[in-house]
Amino acid sequence: MSDQFAEAGSAVVAITLRARDQTVNPTRTLFPPPEVVAVPTTGALPGIEPAAESLVGMPEAARSGLEPVTDKTRRAVNLFLRDVGLGPSARPKL
Amino acid sequence: MTTARRLLRPHPAVVWVAVCTLMVSPAQARAADPADEALRLVPPETRICLVVRDLRTHLRAIEGSPFEKWLEQSPLGKRLTEPGEMAKIQQLETFLKSQFGVGFDQLLDDVLGDAVVLAYEPGPPGKPDDESGVVLVNARKPDLLVGLVEKLNEFQQKSGEIKSVRPLTHQGRRYFGREKSTGEREYYFIRDGILAFSGQERAIRQVIEQDATPPGKPARVATGIAALGLTGHCAVCWFDPRGFDAELSAKAESAKDEGDRAFITQFAEVWKATDGLALYAHPGRGLELGVVARFDQEKLPKGVRELAFPSGEESALWKAVPDDAILAVVGRLNVPRLLAGFESFLAPDGKAGLKKAIEEGLAPIVGRDKLPAVLAGLGPDWVVWIAPPDKASDGFLPGWTAALKLTDDKGGVDVGRTVMQAVDFVAQMARFAYNKDHTDQIELTEATRDGATVKVMSNEKAFPVGQRPSFGIKAGHLVVASSPDRIYQFKAPTGPAAGARSPLLRLSLKHLRVYLETHRGAIIEAAARWSDKPAMEIERELAELSVVLEAFDRVELRHTAGDGKFRLSLHVEFVEPLTK
């Protein structure tokens with residue numbers, strides 16, 4: 001029975017991956033690399049750089065702040081997959 | 001089986017859970033809402049809970065819809081349902097029918113169609129492996145479930161996957177333990193078509209304890225979802241913010257970098273003010289995906305509150321966006337509030353850097369005495385859009401326009417004139433920086449039409465064909481665009497905003513496809529140059545992308561805030577309505 005589900009599951013995954021690849025790969029190609037679209041810059045304006053550094057670090061800090069939620073969500077997904085026999089097995093828990 | 005059924009067929013895991021059940025007691029009266037009845041049974045310390053509600057109705061609404069009919073005839077539909085893969089899926093259904101007497105349709109309609117709930121409780125601090133989870137299914141036909149379970153247990157015991165199924169008791173209620181051939185154990189409890197299944201015995205015992213509570217008592221998770229306004233939504237993943245407070249505080253305290261510590265500390269304050277949080281997906285005319293958070297606004301830090309819950313109406317600038325725009329982003333801006341909001345997440349060094357940038361970078365350009373009035377006069381409405389190139393242009397790159405409303409009369413400062421001088425200064429600096437290192441030179445010229453004076457930067461080598469960055473003031477707006485014509489074409493809106501639910505962002509995939517097809521040759525040539533891929537490969541990729549894009553009309557990002565709730569939602573509109 002596991003084989004039947006695995007086969008059907010792999011078919012669904014293949015369909016999903018194909019749709020993703022047909023969308024993502026061409027989209028990547030369409031975006032020119034930064035050097036192609038580089039526009040003249042002003043050079044450094046005084047005082048801008050340190051402020052820019054502070055703001056640039058914010059997305060990384062936000063990712064770190066959300067880690068408790070994202071980690072537990074990932075663990076939840078893994079646990080459910082494991083419990084229904086689709087993830088790596090674990091020791092029995094009582 | 002229709003395309004919608006084939007594509008939205010149950011995941012094997014869910015199907016497996018649906019059939020992994022044993023004897024049920026005689027049918028009793030069912031709760032009015034099957035999902036609420038299942039939610040009543042989730043363990044009390046559940047921190048993450050996924051609810052799929054009324055899947056049957058949602059799938060029936062998609063079956064035979066204009067979009068499904070379109071998909072069945074489209075090249076995309078044919079690609080998604082290639083014979084080899086569909087055969088594997090069909091084999092599973094044949095297997096289920098032969099062994100258990102049910103197909104996908106009946107499983108969806110009678111077992112999974114009312115409510116499926118996944119509830120997760122993390123392990124205690126320092127013991128993440130002591131987590132537990134339970135899957136709850138409220139099936140429409142309990143008798144069908146009984147039959148499935150009997151057949152499944154018989155089948156798995158015969159095949160050797162299961163060594164034994166034995167009854168167990170908790171608080172006088174019977175549940176079952178299954179021992180697998182690998183030694184692993186799993187447990188389930190079932191009554192009146194409700195199945196609870198888990199790999200952790202304590203989760204099943206907690207379900208039994210919850211089942212003993214009075215039925216009329218509002219369920220914690222259901223109440224939380226209702227408070228977020230998501231009761232009628234098809235799929236909701238609910239988070240209990242209180243389950244993450246301790247870990248977030250510990251993370252803030254242990255952060256080594258001062259900037260990270262400041263950010264996470266402020267983030268933890270925002271989190272403490274969060275009463276509920278959920279992600280959701282819901283099919284309607286299109287597909288809606290979103291996140292909703294409910295805050296105690298009194299506890300929310302002031303700077304964040306003013307950013308998340310702005311007062312005033314929406315931007316009127318949607319009216320300025322041309323119909324053929326590929327991408328448009330529209331918003332309202334209050335620079336002093338935005339800076340205050342950002343500052344609240346920064347460490348002292350970062351705050352000082354931001355202040356320095358304003359005082360040393362911006363103030364000398366506009367004049368220190370005028371700076372507060374200029375900052376207050378920027379906005380509130382702003383817009384950026386990308387549209388296909390002008391027909392008169394030789395280039396293939398899309399054109400772009402950005403406009404920012406300027407509000408005068410702030411302390412007697414002519415904000416428009418001051419801002420124009422500042423932008424002109426920046427353009428001159430850019431021109432100087434380029435010209436001193438290149439033999440080709442950027443020209444900065446001035447042109448006037450219909451009373452609007454526009455500055456135009458031009459250099460055929462420095463800028464792509466068709467691109468002549470320009471700026472000017474028109475109808476009280478600073479307008480910066482890829483060509484002077486786009487500034488002349490800009491029409492300042494009059495009257496109120498476009499609507500109460502106008503989006504923040506709109507991506508027109510229909511117009512993107514038309515653009516890609518119209519300029520296919522030039523795009524392939526340019527992309528081959530910058531990607532080092534053969535032109536034929538790019539042509540093939542573009543054709544594949546075009547097939548996918550055909551299915552869509554537009555994608556919109558919307559934001560609503562009020563009554564303590566903040567919602568950010570993505571609305572995917574297809575070429576035809578997704579539901580009947």
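How many residues of chain B are in contact with chain A, and how many residues of chain A do they meet? In this predicted model, 71 residues of chain B are in contact with 56 residues of chain A. Helix H16 of chain B, which spans residues 348–366, supplies eight residues, the largest share of the side of chain B that touches chain A. By class, that side of chain B divides into 40 nonpolar, 13 polar and 18 charged residues. The points below take up two helix pairs between the chains, and then turn to chain B itself.

**Helix pairs between chain A and chain B**

- Two packed helices are described by the angle between their axes and the distance between the axes.
- For helix H1 of chain A (residues 2–30) and helix H22 of chain B (residues 535–549), the axes come within 8 Å and cross at roughly 125°, an angle that lies outside both the range of 65 to 115 for roughly perpendicular pairs and the range over 145 for roughly antiparallel ones, and H1(A) and H22(B) are therefore oblique to each other.
- The crossing in which H1(A) passes H22(B) is left-handed, and the contact is made on the side of H1(A) by A:Ala19, A:Gln22, A:Thr23, A:Asn25, A:Pro26, A:Thr27 and A:Thr29, and on the side of H22(B) by B:Ile538, B:Glu541, B:Leu542, B:Glu544, B:Leu545 and B:Val548.
- Sorted by class, the contact of H1(A) with H22(B) holds six nonpolar, five polar and two charged residues.
- For helix H4 of chain A (residues 58–65) and helix H13 of chain B (residues 258–272), the axes come within 9 Å and cross at roughly 55°, and because this angle falls between the limit of 35 degrees for roughly parallel pairs and the 65 at which roughly perpendicular ones begin, H4(A) and H13(B) are oblique to each other.
- H4(A) passes H13(B) in a right-handed crossing, where A:Met58, A:Ala61, A:Ser64 and A:Gly65 of H4(A) meet B:Gly259, B:Asp260, B:Phe263, B:Ile264 and B:Phe267 of H13(B).
- The residues of the contact between H4(A) and H13(B) comprise five nonpolar, three polar and one charged.

**A helix pair within chain B**

- Helix H22 of chain B also packs against helix H21 of chain B (residues 520–531), with axes that come within 9 Å and cross at roughly 125°, and H21(B) and H22(B) are therefore oblique to each other.
- H21(B) passes H22(B) in a right-handed crossing, and the residues that meet are B:Arg520, B:Ile524, B:Glu525, B:Ala527 and B:Ala528 in H21(B) and B:Ala535, B:Ile538, B:Glu539 and B:Leu542 in H22(B).
- The contact of H21(B) with H22(B) has six nonpolar and three charged residues, with no polar ones.
- B:Ile538 and B:Leu542 of H22(B) take part in the contact with H1(A), and B:Ile538 and B:Leu542 are also listed among the residues that meet H21(B).

**Strand pairing in chain B**

- Strand S20 of chain B (residues 565–574) runs antiparallel to strand S10 of chain B (residues 287–295), to which eight bridges join it, and within this pairing B:Gly290 stands opposite B:Ser569 of S20(B).
- S20(B) also pairs in the antiparallel sense with strand S19 of chain B (residues 552–562), over 10 bridges, and B:Arg554 has B:Glu573 in S20(B) as its bridge partner.
- S19(B) and S20(B) form a hairpin with two residues between them, and B:Asp563 in the turn has a positive phi of about 55°.

**Domains and backbone features of chain B**

- The domain assignment of chain B gives domain 1 as 3–34 + 49–219 + 234–238 and domain 2 as 310–502, and the C-alpha centres of these two domains lie 54 Å apart.
- B:Gly379 and B:Pro380 are joined by a cis peptide bond with omega of about 10°, and B:Pro380 is found in strand S12 of chain B, residues 378–387.
- B:Ala475, a residue other than glycine, has a positive phi near 50° and is found in the loop between strand S16 (470–474) and strand S17 (477–481) of chain B.

Methods: Residues numbered from 1 in each chain as written. Chains lettered and ligands numbered in written order. Predicted model: local features only at pLDDT ≥ 70, side-chain atom pairs only at ≥ 80, totals over all residues. Contact = placed C-beta atoms within 7 Å. Helix = DSSP H or I, 4+ residues; strand = E, 2+ residues; numbered from the N terminus. Nonpolar A, V, L, I, M, F, W, Y, C, P; charged D, E, K, R; others polar. Axes fitted to C-alpha atoms, helices over the stretch in contact; angles between N-to-C directions. Left-handed = near helix turned anticlockwise from the far one by under 90°. Domains from an automatic or database assignment. Pairing = 2+ DSSP bridges.
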